[in-house]
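Here's a quick tour for anyone opening this entry for the first time. Have the viewer ready and follow along.

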Amino acid sequence: MSSKNVFYILKRILLAFLTVLIVITITFFAMHAIPGGPFLGEKAVSPAVMEALEAKYGLDKPLFEQYTTYLKGILLDFDFGPSLKQRGMMVIDIIMDGLKTSIRLGVIAAAIALLFGLTLGSIASLRRNTLIDRFIMVVTTAFVSMPSFIMGSLLLLVFAVQLAIVPANGSTSAGMIMPIITLSLYPMAYITRLTRSSMLDVLGQDYIRTARSKGVSYPGIIRGHALKNAIIPVITYFGPMLAYIVTGSLVVERIFAVPGIGRSFVNSITGRDYPLIMGTTIILSTLIVLMNLLGDIMYKLVDPRISFE
Amino acid sequence: MKINPFKMHIDVDAFIPATAEEKKYMVQMRESSTFFRDGARRLKKNKVAMFSLIVIIIITLSSIFLPMFWPYSYEQQLGVQPGKRVDPSFNNLAPFEYGTTEQARIDKGESVFPHIFGTDSAGRDYFIRVVYGTRISLAVGFFASIIVLMIGLVVGSVAGYFGGKIDLIVMRIVDIIYSLPDTLMVILLASILNVTLGHKLEGSALESIGANIISLFIVFALLYWVSMARLVRGQILSLKEEEYVLSAKATGAKGPWIIRKHLLPNSISVIIISTALQIPSAIFTESYLSFLGLGVNEPMPSLGSLASDALNGINSYAYRLVIPAIVISLIVLSLNLLGDGLRDAFDPKLNR
């Protein structure tokens, strides 16, 4: 790797770190914009928790000092304070608890989306303008324009309520089937379309014709030449896909009652559990920023033609 | 006849009236076409886009006009009559069923307007709630896109035209907002603005719109202008190098005039297309937030909140979920297809 590449990657990492810092700052000041502060006016908070909060955040101190204390706590100890609604629980423990389930959900969904998306996209491009191609394109267009919560609700209705072949509750591993399918449908459809168009582009290139005239077999061309080059745009979608899965899991976990981080986030919004809202926003944002960073670096590494700025 | 160019020798033939055959050459074979007429013609040929346009027009018109003459309103609880006990027979009616008092009137021979989609758990006519929810979703999508367009246009053209330090600062801000995870920020800001604005709006003219919708607009204005600003800036940067801009500058035209007269009209088609594609994504976000309980205030419906409410009764009243789901998918799908059609028809770079 040349020094230019290293410089680019370092710059990208710095920007990612800055973004996380800005997210933390926005979260902090947003919470302080609430009239009476985030912790006041909550009847459900016991005096003991209240005292602990005031001592912890030093609410009588100047705003900037509160901010630095808060920042230090997060960056050094992952300390997001106690939850307001779930007595005796620390925010970080609630998040870590949910994150295990959510990451499993997300990773499986992403893998399914990639696998099926690449396969279907290749099939569509190789069988261009046939019935199969048209069918794949129509179905994927429909999936792309359907919001995740609509998709999830409808799947719940059909498979869990009407047909009753899978459990509606997502806390068991059989119950994870539906949430995984729901989450993977949109990225799968998107990847299919992406693969199709970039495959069509690649198949028209000169080196494909050369390979064919050399007598390389059809599967050989696809494996050795076409797919390798067609996959590059798909890699750029890597970051956005994981961002979609993270935000999509918020509603999907609510619909199927999956005990993940998304459900606790949605509950914290409706229950105005501010420390939990702050903590989840920061953790999920960091996750998304990291994924985008990873996708960017990977994209630049796989294609030597892409120049580093 | 040979003419000596240095003599004042007039060629008489040049003054003979043109024959009918010669005149024919001067007749315009067909009217000259403008850019927009060209695009409209291409758009009309695109069957998918035209069909989507018709669907959108039908949905929009019915969401505007149906509530005007519909006998029920979206917030009217049919079982609740002033001075009487609440009549629970109006709650959770199936499609085309009637409450007890209505049934009595029908038996007497009166005609009662049917509840096409039945009623919800609070005894409100579900059809009009869906229509009203569609209206809210469309309005939020439309106005949010307009806000995004305005801010993006001003910031992008200023940054692109003046360049230098202004451009550098603006583009760094754009980069940072662009790298923020937008959905999470939207959720965070919407949930806080709801609380913060609620107190401030009391008694003001904006109160009737509701703190939730206003906070939605603010969130859109804060976060989604960046891609529009980037687009406009890119357009302006490439157009700035054109000769006609140089000539305008040479004749002493001022910056704002050049932006208004030369740069914006030339980049307008790209801007319109990306605004058209912004509307479905705004509707998407609004319904997503409403589904999470951050959208419009009760009793006002939106398609997202209707679907969210329907989840609780999914076992017995599945159609209440299916109806808003179909409407929202139809709106987003046809807006997307229309946007694609517009892009194919109006983007000069794609002209074949």
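Is N129(A) buried or exposed? N129(A) is exposed, because just 8 other C-beta atoms lie within 10 Å, and a residue counts as exposed at 12 or fewer. Keep in mind that this is a predicted model. Chain A is built from 12 helices and zero strands, and it shares a contact with chain B that takes 35 residues from chain A and 34 residues from chain B.

**Chain A overall**

- Going along from the N terminus, the elements read α-α-α-α-α-α-α-α-α-α-α-α.
- Chain A has 309 residues, and 40% of them count as buried.
- Take the contacts in chain A between residues at least 6 apart in sequence: 72% of those join residues at least 24 apart.

**Where chain A meets chain B**

- The contact draws 35 residues from chain A and 34 residues from chain B.
- On the chain A side, the elements giving two or more residues are helix 1 (3-32), helix 6 (148-162), helix 10 (238-256), helix 11 (261-270) and helix 12 (274-302).
- Sort the residues on that side by type and you get 27 nonpolar, eight polar and no charged.

**Helix 6 against helix 10**

- Within chain A, the axes of helix 6 and helix 10 come within 9 Å and cross at roughly 25 degrees.
- That angle is under 35 degrees, so helix 6 and helix 10 of chain A count as roughly parallel to each other.
- The crossing of helix 6 and helix 10 of chain A is right-handed.
- Helix 6 of chain A brings S148(A), F149(A), G152(A), S153(A) and L156(A) to the contact, while helix 10 of chain A brings G248(A), V251(A), V252(A), I255(A) and F256(A).
- Much of that spacing is what you'd look for on a helix: an α-helix has 3.6 residues a turn, so residues three or four places apart point the same way.
- By type, the residues in this contact between helix 6 and helix 10 of chain A split into six nonpolar, four polar and no charged.

**Positive phi spots**

- N129(A) isn't a glycine, yet its phi is positive, near 65 degrees.
- You'll find N129(A) in the loop between helix 4 (91-126) and helix 5 (131-144) of chain A.
- A257(A) isn't a glycine either, and its phi is positive at about 55 degrees.
- The home of A257(A) is the loop between helix 10 and helix 11 of chain A.
- A257(A) is partly exposed, because its 16 other C-beta atoms within 10 Å fall between the cut-offs of 12 and 20.
- F78(A) comes after helix 3 of chain A and has a positive phi near 50 degrees.
- As for helix 3 of chain A (residues 63-77), its 15 residues reach 21 Å from the first C-alpha to the last, close to the 21 Å expected at 1.5 Å a residue.

**S145(A), a loop residue**

- S145(A) sits in the loop between helix 5 and helix 6 of chain A.
- S145(A) is buried, because 22 other C-beta atoms lie within 10 Å and 20 or more is enough to count.
- Which residues does S145(A) touch, leaving aside those up to four places away in sequence? They are S329(B), V332(B), L333(B) and N336(B).
- S145(A) and Y186(A) are 41 residues apart in sequence, and their C-alpha atoms are 8.6 Å apart in space.

Methods: Residues are numbered from 1 along each chain as its sequence is written. Chains are lettered from A and ligands numbered from 1 in the order in which they are written. This is a predicted model: local features need pLDDT of at least 70, side-chain atom pairs count only at pLDDT 80 or more; totals for chains, interfaces and linings use all residues. Two residues are in contact if their C-beta atoms, placed from the backbone, lie within 7 Å. Helices (H or I, at least four residues) and strands (E, at least two) are DSSP runs, numbered from the N terminus. Ala, Val, Leu, Ile, Met, Phe, Trp, Tyr, Cys and Pro count as nonpolar, Asp, Glu, Lys and Arg as charged, and the others, Gly among them, as polar. The expected span of a helix is 1.5 Å times one less than its number of residues. Axes are lines fitted to C-alpha atoms, for helices over the stretch in contact, and angles run from 0 to 180 degrees between N-to-C directions. Angles under 35 degrees count as roughly parallel, over 145 as roughly antiparallel, 65 to 115 as roughly perpendicular and the rest as oblique. A crossing is left-handed if the near helix is turned anticlockwise from the far one by less than a right angle, and right-handed if clockwise.
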